[in-house]
Amino acid sequence: MNVSAANVTVVLQYRDSFTKAVVKNVFVVVLGISINYINVCLIHTFCKHQIFYMNPRYILFIHLVVNDMIQLTLTVILFLISYTIYRINVSVCCVFILVALFTTENSPLNLACMAVECYVAICLPLRHVQICTVKRTLMLIGLIWTTTVFSVLPDLFITLATEPLDFFYSRVFCLRQTAFPHPLIIKKRDITYSVFLVIVWITIFSTYFKILFTAKTASKDAKKARNTIVLHGFQLLLCMSTYIAPQLLNILQQWFPKNYADSLFAYYIIVQVLPRSISPIIYGVRDNTFRKYLKRYLLCKVSKQ
C-alpha cells in the first residue's frame with residue numbers, strides 16, 4: 001500500500017484548478033466522442049459490405065479500430081474518474097487496468113501484422129491470396145490476443161498471491177502501479193515491453209525497406225503501400241511510447257516541475273488519444289475503396305441498395 005500512497009501524494013501535489021480541470025475534461029470527452037463516432041462509422045461500413053469483411057487487410061484494420069475504441073473509451077473514463085470520483089475500489093480498478101493493458105499491447109502487434117500484410121501484397125503478389133486468407137487472419141488475431149493475455153494476466157496472479165484480501169476492498173487512485181503494486185510486476189513489464197519493442201520495430205523496418213526497394217521500380221500501389229507503412233510506423237511510435245512511460249514521465253517531471261500536470265495532460269493526448277485518430281486517416285481517408293463507402297455513413301446518408 002506504500003506505493004499507492006506515494007502515487008496519491010504525487011497526484012495531489014499537481015492537482016489542477018477547477019476551471020482548468022473543467023476545460024481539460026470537456027476537451028477530452030469531445031475529442032473521444034468525435035474519434036469514436038468516426039470509428040463507429042468505419043465499423044458500420046465494414047460490416048455492411050462484403051468487399052471489406054472478406055478481405056484480410058480490412059479485417060486486421062477493423063480489429064485495430066475496435067481495439068482502439070475500447071482503449072480510448074477506457075482511458076477517457078479513467079481520466080474523468082481521476083477528476084471526479086478520484087479513488088475507486090481496487091477490484092474495479094483492476095478490471096479497468098487489465099482491459100486497458102490488453103488493448104494497449106494489442107495495437108503494436110496488430111500494426112506489425114498489417115505491415116507484414118502490406119509486404120506480402122506488394123512483394124509477393126502472386127502468393128498473397130494463398131498466404132493472406134480470412135481464416136489465417138482470424139487465427140492471427142487470436143494469436144495477438146493470446147500473446148497479450150499471457151503478458152498481462154500474470155500481473156493479476158502475482159497481485160492475488162502477494163496482497164491481502166483487504167487490499168481488493170480498499171480504494172485507490174486508479175493507476176497500473178496502484179492496482180498491481182508488487183515490484184516483480186515492474187521488472188516483468190520492462191522485460192516484456194523490451195521484447196515487444198524489438199520484435200515489432202524489426203518487423204516494421206524490414207517490411208518498410210523491402211517495400212521501399214520494390215516501390216522504386218514498381219507501380220503506384222507499391223509507393224502508396226510504402227507511405228502506409230510510414231504512417232503505421234508513426235502510429236506505432238506513439239503507441240509504443242506507453243512502453244517507456246515511466247522514463248518519459250520522470251523526464252517530464254524533471255523538465256517541467258512547475259507545469260507537471262499540464263505535461264501529463266499533453267502526454268495523455270499525444271500517447272493515448274492521438275494514435276487512435278490515425279487509423280481513420282490511413283483507411284478512412286487514404287483508401288479509395290473505403291472512402292467511397294464511408295462517406296455515405298459519416299454524414300448520416302442512407303446508401304442505395
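**Notebook: cysteines, cores and a cavity**

I started with two cysteines, and both Cys93 and Cys174 turn out to be buried. Note to self: this is a predicted model, so I am reading computed values throughout.

**Disulfide.** I looked up how many disulfides the structure holds, and the count is one. Cys93 and Cys174 make that bond, with their sulfur atoms 2.1 Å apart. I then checked the handedness: the torsion about the S-S bond is about 95 degrees, so this disulfide is right-handed. Next I asked myself which parts the pair ties together. Cys93 sits in helix H5, while Cys174 is in the loop between strand E2 (171-173) and H8, so the link joins parts that are 81 residues apart in sequence.

**Other cysteines I checked.** Are Cys113 and Cys123 buried or partly exposed? Cys113 has 15% relative accessibility, so I put it down as buried, given that the cut-off is under 20%. Cys123 has a relative accessible area of 23%, so I noted it as partly exposed.

**Largest nonpolar core.** I moved on to the packing. The largest nonpolar core has 27 residues, and Leu42, Phe46, Phe61 and Phe290 have the most contacts inside it. I wanted to know which helices supply at least two residues each. They are H2 (18-48), H4 (56-83), H5 (90-123), H7 (134-162), H9 (183-215) and H14 (288-298). H4 gives the most to this core, with seven residues.

Apart from this core I found another one, of 23 residues; Leu74, Phe96, Ile97 and Phe102 are among them.

**Phe46 up close.** I picked Phe46 from the list of residues with the most contacts inside the largest core. Skipping neighbours within four places in sequence, I find Phe46 in contact with Phe52, Tyr53, Tyr58, Ile59, Ile62 and Phe290. Phe290 is itself on that list of residues with the most contacts.

**Cavity.** I looked for cavities of 30 Å³ or more and got one. The largest cavity has a volume of about 40 Å³. What lines it? I wrote down Arg176, Gln177, Phe180, Ile185, Ile186 and Arg189. By class, that lining has three nonpolar, one polar and two charged residues. Helix H8 (176-179) and H9 each supply at least two of the lining residues, and H9 has the largest share, three residues.

**Cross-reference.** H9 shows up twice in my notes: it supplies at least two residues of the largest core, and it also gives three residues to the cavity lining. H5 recurs as well, since this helix holds Cys93 and supplies at least two residues of the largest core.

Technical notes
Residues are numbered from 1 along each chain as its sequence is written. This is a predicted model: local features need pLDDT of at least 70, side-chain atom pairs count only at pLDDT 80 or more; totals for chains, interfaces and linings use all residues. Side-chain values use heavy atoms; hydrogens and water are left out. A nonpolar core is a set of buried Ala, Val, Leu, Ile, Met, Phe, Trp, Tyr and Cys residues joined through side-chain atoms within 4.5 Å. Buried means under 20% relative accessible area, exposed over 50%, partly exposed in between (1.4 Å probe, protein chains only). Helices (H or I, at least four residues) and strands (E, at least two) are DSSP runs, numbered from the N terminus. Contact means heavy atoms within 4.5 Å. On a 1 Å grid over the protein atoms alone, a cavity is a set of points where a 1.4 Å probe fits but cannot get out, and a pocket is an open set with protein on both sides within 12 Å along at least five of seven lines; lining residues have an atom within 4 Å of a point. Grid points are joined across faces, edges and corners, and a volume is the space filled by probe spheres set on the points. Ala, Val, Leu, Ile, Met, Phe, Trp, Tyr, Cys and Pro count as nonpolar, Asp, Glu, Lys and Arg as charged, and the others, Gly among them, as polar. A disulfide is a pair of cysteine sulfur atoms within 2.5 Å.
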